[in-house]
Amino acid sequence: MSIKFYGFWRSLAAYRVRVALKLKGLDYEEIPVNLLAGDQHDPAYLKINPQGAVPALILEGVAQPLFQSMAILDYLDHAHPNPSLMPTQPADRARVLALAHLCASDGHPLVVPRVRNYLQNTLKLDEAARNQWLQHWTLQALQSFERALTQDPRAGRYSHGDQITVADLCLASQVIGAGFFGCELVDLPRVTAIHQALMEHPAFSESMPSRQVGAPTPTTTH
Ligand SMILES: N[C@@H](CCC(=O)N[C@@H](CS)C(=O)NCC(=O)O)C(=O)O
């Protein structure tokens, strides 16, 4: 089955999908959409993802492209159930989705390029104020995640026991964002420990932005 994965090296939402594709052992071709150059607004790309964002997936045998990372993860988990990225019990599923959405629905949307551009170009916030915004909302999601981990005995080596779930994909992407925006991860021991455990898995480490096509070399700033 051929899979075309529209991503971008530094996209946090694309990272989640890249990790899932690797965890499930699926071969894919990654097609970079340069978000810094505005390629997401190209009319041809808008036919693939009407939102003008990455990720998007085109699958052989599936009539329309898939978009929105959480929807893509849900598709992949149903179409390729091994290994599963969700627990089976309803209450456990609700917990995992709650953790995932802390990052994917509440933290991440506040720092995407279109929001950063609006802060800069429309609201005319200077760089210091923009950075304060990015750090504040990125850290707030991680602090909520930390509290949720601390308050629930179901956390384990990973966010939900010893099974890698969508909560972990979202957590890892949020921690990457924290790195991009210069957040200091203090007082987040559970988040930090789980992130370290995830990075020991090749699907997570090989998906890192710095290892993708288009990423700046270590001597270049971004
Ligand atoms: N909720 C969407 C977010 C998609 C999204 O905003 N992706 C960012 C990169 S992480 C993007 O492509 N942004 C383009 C822009 O803001 O112009 C998802 O999870 O797929």
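The exercises below work through the ligand site and some backbone features of this predicted model.

In this predicted model, local features need pLDDT of at least 70 and side-chain atom pairs count only at pLDDT 80 or more, while totals for chains, interfaces and linings use all residues. Residues are numbered from 1 along each chain as its sequence is written, and side-chain values use heavy atoms, with hydrogens and water left out.

**Exercise 1. Find which residues come nearest to the ligand, and describe the shell by class.**

Step 1. Taking as near any residue with a heavy atom within 4 Å of the ligand, one finds 16 residues around the ligand, of which Gln40, Val54, Gln68, Ser69 and Arg114 come nearest.

Step 2. By class, the shell has eight nonpolar, six polar and two charged residues, where Ala, Val, Leu, Ile, Met, Phe, Trp, Tyr, Cys and Pro count as nonpolar, Asp, Glu, Lys and Arg as charged, and the others, Gly among them, as polar.

**Exercise 2. Identify the polar contacts to the ligand, and state how much of the ligand the protein covers.**

Step 1. With a polar contact taken as a pair of N or O atoms within 3.5 Å, a polar side-chain atom of glutamine 40 lies 2.8 Å from a ligand oxygen atom, and one of glutamine 68 lies 2.9 Å from a ligand nitrogen atom.

Step 2. Arginine 114 instead uses a backbone N or O atom, which lies 2.8 Å from an oxygen atom of the ligand.

Step 3. Of the 510 Å² of accessible area (Shrake-Rupley method, 1.4 Å probe) that the ligand has on its own, the protein covers 94%.

**Exercise 3. Explain why the ligand is said to lie between two domains.**

Solution. Domain 1 (3-82) and domain 2 (90-205), whose bounds come from an automatic or database assignment, both give residues to the shell, so the ligand lies between them.

**Exercise 4. Locate the unusual backbone geometry.**

Step 1. Most residues other than glycine have a negative phi, and most peptide bonds are trans.

Step 2. Glutamine 68, although not a glycine, has a positive phi of about 75°.

Step 3. A cis peptide bond joins valine 54 and proline 55, with omega about 10°, and the bond from asparagine 82 to proline 83 is also cis, with omega near -5°.

Note on methods: Polar contact = N/O pair within 3.5 Å; in protein donor to acceptor, adjacent residues only side chain to side chain.
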